[in-house]
Amino acid sequence: MKLYVITGGPASGKTTLIAQLKDLGNAVLEETAREVLEERRQFAINYGEKLIREKEIFERQLRKEEAIRKNHEGYFLDRSLIDVIAYCRHHLGYVPERIKPVNLMDRYAHVFVLDRLPFIADGTRIEKDDKEAEKIHQILIKTYKQFGYNPVSVPIFPVDKIARRANFVLAHIKNLKGGEENGGML
């Protein structure tokens with residue numbers, strides 16, 4: 001089972017790329033964090049609420065990743081458990097013990113970090129501006145590297161950027177595997 005992570009700072013195009021990969025016939029796991037944030041949007045954002053959200057995101061993401069490990073040969077994830085750790089570092093200043101029990105080394109086959117697009121507040125995100133989005137982006141990269149990953153940077157393409165980003169990711173995986181995959185699907 002191969003898990004391929006699509007990550008990057010807020011508003012970098014992860015969800016759009018995941019949708020494109022899904023349209024090409026690939027198995028995907030959509031973003032758990034957005035799901036939890038939508039469910040908890042009525043609660044005031046303070047330290048306690050951030051802690052509740054991060055724990056719920058981690059636990060739900062873990063359950064989903066464990067469930068899909070049994071179902072397909074390859075999956076694209078819109079963020080991973082390591083993203084939760086990076087967000088804890090940003091929002092809480094530390095990683096709660098309850099979030100650390102899983103071995104994250106070598107859990108993911110490959111990590112793709114999307115180059116940032118301009119930040120857009122969408123009503124669900126709690127980040128306030130582009131400066132904070134860039135800070136989170138850098139924390140994500142640093143955290144993946146701390147777990148032994150060497151993330152591949154996915155550039156922004158000037159024309160048809162969604163399809164080109166998907167092709168870039170799929171071509172990179174195909175090159176790693178020596179050309180095993182067919183067409184746009186793993």
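1. A polar contact here is a pair of N or O atoms within 3.5 Å. Ser-80 meets that cut-off in this predicted model: a side-chain oxygen of Ser-80 lies 3.1 Å from the backbone nitrogen of Ile-82, and Ser-80 thereby caps the N-terminal end of H4.

2. Ser-80 itself sits in the loop that runs between strand S3 (74-78) and helix H4 (81-91). Is Ser-80 buried or exposed? Its relative accessibility is 1%, so Ser-80 counts as buried, the cut-off for buried being under 20%. With neighbours within four places in sequence set aside, the contacts of Ser-80 are Val-5, Gln-61, Glu-65, Tyr-108 and Tyr-144.

3. The helix that Ser-80 caps is mostly covered, with 10 of the 11 residues of H4 buried. The buried residues of H4 are Leu-81, Ile-82, Asp-83, Val-84, Ile-85, Ala-86, Tyr-87, Cys-88, His-90 and His-91. The list includes polar side chains as well as nonpolar ones, Asp-83 and His-90 being among the buried residues. Among the elements that cover the buried residues of H4 are S1, H3 and H5. After the helix comes Gly-93, which has a positive phi near 90 degrees.

4. How do H3 and H4 lie, and which residues join them? What angle do they make? H3 and H4 pack at about 170 degrees, and their axes are 9 Å apart. An angle over 145 degrees counts as roughly antiparallel, and H3 and H4 are therefore roughly antiparallel to each other. From H3, the residues at this contact are Lys-50, Glu-54, Ile-57, Phe-58, Gln-61, Leu-62 and Glu-65. They meet Leu-81, Val-84, Tyr-87, Cys-88 and His-91 of H4. Gln-61 and Glu-65 also appear among the contacts of Ser-80.

5. H3 has a further helix partner in H2. The axes of H2 and H3 come within 9 Å and cross at roughly 135 degrees, which makes H2 oblique to H3. The crossing of H2 past H3 is right-handed. On the H2 side the contact is made by Thr-32, Ala-33, Glu-35, Val-36, Leu-37 and Glu-39, and on the H3 side by Arg-53, Glu-56, Ile-57, Arg-60, Gln-61 and Lys-64.

6. Thr-32, in helix H2, deserves its own entry. Thr-32 has a relative accessible area of 0% and is buried. Beyond residues up to four places away in sequence, Thr-32 touches Ile-57, Arg-60, Gln-61 and Lys-64. With Lys-64 there is a polar contact between the two side chains, at 3.5 Å.

7. The largest nonpolar core has 28 residues, and those touching the most other members are Tyr-75, Leu-77, Ile-82, Ile-99, Leu-104, Tyr-108 and Tyr-149. At least two residues of this core come from each of strand S1 (2-7), helix H2 (32-39), helix H3 (47-68), S3, H4, strand S4 (110-114) and helix H5 (130-146). H4 gives the most, with 5 residues. A second, separate core holds 15 residues, including Ile-6, Phe-76, Phe-112 and Val-154.

8. Two members of the largest core link to earlier or later points. Ile-82 carries the backbone nitrogen that lies 3.1 Å from a polar side-chain atom of Ser-80. Tyr-75, leaving aside neighbours within four places in sequence, is in contact with Met-1, Lys-2, Leu-3, Tyr-4, Ala-27, Val-28, Leu-29 and Ile-68.

How values were computed: Residues numbered from 1 in each chain as written. Predicted model: local features only at pLDDT ≥ 70, side-chain atom pairs only at ≥ 80, totals over all residues. Heavy atoms only, no water. Helix = DSSP H or I, 4+ residues; strand = E, 2+ residues; numbered from the N terminus. Buried < 20%, exposed > 50% of the residue type's maximum accessible area, 1.4 Å probe, protein only. Polar contact = N/O pair within 3.5 Å; in protein donor to acceptor, adjacent residues only side chain to side chain. Contact = heavy atoms within 4.5 Å. Core = buried A, V, L, I, M, F, W, Y, C linked by side-chain atoms within 4.5 Å. Axes fitted to C-alpha atoms, helices over the stretch in contact; angles between N-to-C directions. Parallel < 35°, antiparallel > 145°, perpendicular 65-115°, else oblique. Left-handed = near helix turned anticlockwise from the far one by under 90°.
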